[in-house]
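I opened this notebook to keep track of what I looked up, one topic per entry. Rings come before cavities, and backbone and strands follow.

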Amino acid sequence: MNEVEGLRHRRLDQPRVINDETPDTESKHGSTDSGKVFRITLTTLAVTILTPFLGASLLLQCPINPLPLSYKEPPLLTGALEPNLKLRESERLFEGQLVGPESIAHFGDVMFTGTADGQILKIQDGQIYSVARIGKLPCGTREDEPTCGRPLGIRVGPNGTLYVADAYYGIFKVNPLTGEVEMLVSTQKVIKGRRMAFVNDLTVTRDGRMIYFTDSSSKWQRRDNRYLVMEGTADGRLIEYDTLTKQLEVLMDDLRFANGVQLSPAEDYLLISETTMARIRRYHTSGLRKGGQDIFFDNLPGFPDNIRPSSSGGYWVGMAILRPNPGFSMVDFLAPRPWLKKLIFKLFSQEMTMKFVPKYGLVLELDEDGSVRRSLHDPHGVVVPSVSEAHEHEGYLYLGSYHAPFLCRLDLNKV
């Protein structure tokens, strides 16, 4: 070995100097191993979470057969729709003493409403009295509801007679003094080949002869109203009942969740909430356009419930669910995605899905031409969580709810 070769060998044995720029083979191997462990853990976690969902989508039966629906972009909450806190000026009445006062009517200073326990109540001088019960006990559970009954729309007709729409039993006339109940239309009645599964609201002519009412669905009952909305079923109807001839006539068919109904002041047309489509339809009852129908208000900022007259000559519309814009509307997102709606209702009950719907109190006052006069809000539902009906009486707006354990009252002079 010569001197040059000896120096070369000695150079190979010299220690290396490690700095930040020197590759560390062991570190590389360690990072690679850690990355593999992370990826395996993440994949395992994803599979663990997704497997039940995939299994549910394949094995579980879905209670609904949803249709793809298409909505316009919700209107911007600006101008007359600008959010405010006006509904928070409301006071809660009889909290904990009644549940689900959906609809409200007055005869003088006496107020009437129907509640979730199947009763028709009278409220007078700050006291609550039971007037009548259409169904039978027990009440209180989802299973009980079809036999318990559920009074929804309520109106005062001539001579103080009450007219009540019960979701499960039909249309009734009630004597508020004696509590006597007379059935006018039974849900067992077959009209054009279909029975009524979900009688909802009604309106009565001033002379008491004609009653117009909505049947929300021939398939879904009131207790399954979330299924009705999510499926998009178009089997709701507007029906006319002549109290003199006892005849029934279907005026409008193929409605998606026919809900609130209101006669115009001149009784020449009817307004009907088509809840699933977030719009209000109009049916002409007299004049040159008799029998015709059109859209009174399209693309509402929420799902409309009952419609009632306002002292301005327009209409109050209670909104059950908000479609926020700006913001995210779950209803609008799900509408064109039936596969996602199927998956949701395979995994969750109707009650559970409602927990994902944010609370928001909203009432609209519409002009007689269908434009928004003003809106009253309670963001996050602090005082008024939702509104099934806004009923005006002597300067106050009484707010009904299908589930809240109270009534709300708003002094319109304050807002």
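Entry 1, charges over rings. I count a charge as sitting over a ring if NZ of Lys or CZ of Arg is within 6 Å of the ring centre and within 35 degrees of the ring normal. The model I am reading is predicted. I looked up Arg-323 and found that it lies over the face of Tyr-71, at 5.1 Å from the ring centre. I then looked up Lys-122, whose charged end sits over the ring of Tyr-129 at 5.5 Å from the centre.

Entry 2, aromatic pairs. How many aromatic pairs does a search of the whole structure find? I noted nine. I took down the pair of Phe-348 and Phe-356: the ring centres are 6.1 Å apart and the planes stand at 65°, so I entered the pair as edge-to-face. The cut-off used here is that planes over 60 degrees apart count as edge-to-face. I keep both values because a pair of aromatic rings is described by the distance of the centres and the angle of the planes. I also checked how far each of the two residues is covered. Phe-348 has a relative accessible area of 32% and is partly exposed, whereas Phe-356, with 55%, is exposed. Elsewhere I recorded one aromatic cluster formed by Trp-220, Tyr-227 and Phe-345.

Entry 3, largest cavity. I found two cavities of 30 Å³ or more. The largest holds about 40 Å³ of space. Which residues line the largest cavity? I listed Val-384, Pro-385, Ser-386, Leu-399, Gly-400, Ser-401, Ala-404, Phe-406, Leu-407 and Cys-408. By class I get seven nonpolar residues, three polar and no charged in this lining. I traced the lining to its strands: strand 23 (396-400) and strand 24 (407-411) each supply at least two of the residues.

Entry 4, second largest cavity. I noted a volume of about 30 Å³ for the second largest cavity. Its lining consists of Leu-69, Tyr-71, Val-229, Met-230, Val-331, Ala-335 and Lys-341. I sorted these into six nonpolar residues, no polar and one charged. Tyr-71 was already in my notes, as the ring whose face has Arg-323 over it.

Entry 5, cis peptide bonds. I looked at the backbone next, with a general rule in mind: most residues other than glycine have a negative phi, and most peptide bonds are trans. I found a cis peptide bond between Leu-137 and Pro-138, with omega about 5°. I placed Pro-138 in the loop between strand 5 (127-133) and helix 3 (145-148). Another cis peptide bond joins Asn-325 and Pro-326, and there omega is about 10°. Pro-326 belongs to the loop between strand 19 (315-322) and helix 5 (330-334).

Entry 6, positive phi. I recorded a phi near 50° for Lys-192, a positive value in a residue other than glycine. Lys-192 is in the loop between strand 9 (181-186) and strand 10 (199-204). Ala-278 is not a glycine either, and I read a positive phi of about 55° for it. I found Ala-278 in the loop between strand 15 (269-274) and strand 16 (279-284). Are these residues buried or exposed? Lys-192 is exposed, with a relative accessible area of 69%. Ala-278 counts as buried, at 0% relative accessibility. The cut-offs behind these two words are under 20% for buried and over 50% for exposed.

Entry 7, strand 10. I checked the cover of strand 10 and found six of its six residues buried. Strand 10 pairs with strand 11 (residues 210-215) in the antiparallel sense, over four bridges. Within that pairing I noted Thr-203 opposite Tyr-212 of strand 11. The two strands form a hairpin with five residues between them. In the turn, Gly-208 has a positive phi of about 80°.

Entry 8, Leu-263. Where is Leu-263 placed? I found it in strand 14 (residues 258-263). Leu-263 is buried, with a relative accessible area of 6%. I also took one distance: the C-alpha atoms of Leu-263 and Arg-206 are separated by 9.9 Å, with the two residues 57 residues apart along the chain.

Notes
Residues numbered from 1 in each chain as written. Predicted model: local features only at pLDDT ≥ 70, side-chain atom pairs only at ≥ 80, totals over all residues. Heavy atoms only, no water. Phe/Tyr/Trp six-rings, centres within 6.5 Å; stacked < 30°, edge-to-face > 60°. Buried < 20%, exposed > 50% of the residue type's maximum accessible area, 1.4 Å probe, protein only. 1 Å grid on protein atoms, 1.4 Å probe; cavity = no way out; pocket = protein on both sides within 12 Å on 5 of 7 lines; lining within 4 Å. Points joined across faces, edges and corners; volume = space filled by probe spheres on them. Nonpolar A, V, L, I, M, F, W, Y, C, P; charged D, E, K, R; others polar. Pairing = 2+ DSSP bridges.
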